[in-house]
Amino acid sequence: MIDRCGREIDYLRISITDRCNLRCVYCMPEGGVRALAHEDVLTYEEIVRVVRLMAGMGIRHIRITGGEPMARLGCLDLAEKIHAVPGIHSLSMTTNALLLRGRVNRAQEAGIDALNISLDTVDPDVYARMTRGGDVRTVLEVIDQAVQRGMGVKVNAVPVRGMNDGGLVRLAELARERPVCVRFIELMPVGCGADLSPVPTQEVEAKMERAFGALSPDDSVHGYGPARYVRPAGFAGSIGFISPMSHEFCGACNRVRLTADGYLKLCLNHTAGLDLRAMLRGGADDARLAGEIRAAIENKPARHGFMEEIGDREVRRMNEIGG
Ligand code: SAM
Ligand code: SF4
C-alpha cells in the first residue's frame, strides 16, 4: 500500500494487550491504569482476520507488542497463526522478556524470528527502580538464550536523565561479545514520558565515542525501522540510535499500528485512524474492510509533529499503543 506521501506501508505493529507485568517509569503510573475490559480487546480470531486481510494488501512484516504481549494467555499460539498467514515474511515481538524465561524455544518454534527486548540498564537496582520491580538477571538470561538459538536480538533502551544515564556504556557493552544491537531510543513525551527528562541522542553518542573510540557506520540490514547503527572496533554486535525527537524520520515511515482495542492507528502521535473493531463486530465483509483500510492508510499523517501544536494529538499511553 502506498500512502499520499508516496510511502510504502508494509509493516503492521499489533498491540495484543494493554496489560503489563511491569510499571516502567516512562510508560505506566506506579498504581497501574484501568485496563481495557476483556470484551473490548480484539480476540485472536479478529486479529488473524485483520492480518490475513492486510497481508493481501501488502503488509509483509508483523510485530507483536503490548502492554506486555507475553502477559496475554496464548500469545505464542497467536504468533503461530500469524506466522502461517500467506504473505507474511517476518514476525517479531517487542517484550520486556521476563515471561519468556524458559519459553524462548517455543517462541522460535511459533515463527518469531526476532525479539526486541526492552532493557534500560544492566544494574539490578536501577532496573528494579525503573521497572518498579523487575529482575534484570532474567532478562539477561533470555537475551543469551535467544542469541544462542540464532534469533535476531535488539535491546531497546530509553535513556532518562537522572535514572539510567550513568550506565549506558555498560549497557552497550552487551554488544561487545554478542551479535546483538543495543539501541538507544529517545524518550518521547507520550504518557508518563512527558514528566521525565530525555537524554538527546547526540549526548548518548558522545558517551559511546568516549568509551569505544570512533564509531564507524554499520550499514548491514537490521530490520525495517528508522534506527542508525554504528559498530565500535572489536564488537560482535552494534549500537543503534533512534531519535524521533532530534531527527524526525517520518519521510521513511513504513508502518501502521493496531491497538489492543482494535483501532488502526496511522501515526504514533496522532489519533487519526480507523475503528476496525466496530467494523469487524458490525458484520463488515472483507471487501468493505479492505476498502476502508486502504482509504485510511492513503491519508496517513505526513509527520508525527511531536515538537509542534497539532489538532489530534494522541492521548493514549504507550502500553495501549505498543511503542
Ligand atoms: N512491554 C513491551 C516492552 O516493554 O518491550 C512492549 C510494549 S512497550 C510500550 C514498547 C516500547 O515502548 C518499549 O521499548 C518501551 O521502552 C517504549 N516506551 C514506552 N514509553 C516510552 C516513551 N515515553 N518514550 C519512548 N519509548 C517508550
Ligand atoms: Fe510494560 Fe513495556 Fe510499558 Fe514497561 S514499557 S510498563 S514493560 S508495556
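**A tour from the R132 loop to ligand 1**

Begin by selecting R132, which is found in the loop between α4 (124–131) and α5 (136–148); bear in mind throughout that this is a predicted model. With the backbone displayed, note that the phi of R132 is near 55°, a positive value in a residue other than glycine. Most residues other than glycine have a negative phi, so this backbone angle deserves a look. If you turn on the surface, R132 counts as partly exposed, at 32% relative accessibility.

Next, move to A97, in the loop between β3 (90–95) and α3 (104–109). Here again the residue is not a glycine, yet A97 has a positive phi, of about 80°. As for its surroundings, A97 is buried, with a relative accessible area of 0%.

Now select ligand 1 together with the 19 residues that surround it, of which Y26, G67, S118, M188 and M318 are the closest. Coloured by class, this shell divides into seven nonpolar, 10 polar and two charged residues.

Three polar contacts can then be picked out one by one. Start at S118, where a polar side-chain atom lies 2.5 Å from an oxygen atom of the ligand. Continue to G67, which places a polar backbone atom 2.9 Å from a nitrogen atom of ligand 1. Finish at T95, whose backbone contributes an N or O atom lying 3.3 Å from an oxygen atom of ligand 1. With these contacts in view, switch to the surface of the ligand: taken alone, ligand 1 exposes 550 Å², and the protein buries 94% of that area.

Notes: Residues numbered from 1 in each chain as written. Chains lettered and ligands numbered in written order. Predicted model: local features only at pLDDT ≥ 70, side-chain atom pairs only at ≥ 80, totals over all residues. Heavy atoms only, no water. Near = heavy atom within 4 Å. Polar contact = N/O pair within 3.5 Å; in protein donor to acceptor, adjacent residues only side chain to side chain. Areas by Shrake-Rupley, 256 points an atom, 1.4 Å probe, with all protein chains shown as cover. Nonpolar A, V, L, I, M, F, W, Y, C, P; charged D, E, K, R; others polar. Helix = DSSP H or I, 4+ residues; strand = E, 2+ residues; numbered from the N terminus. Buried < 20%, exposed > 50% of the residue type's maximum accessible area, 1.4 Å probe, protein only.
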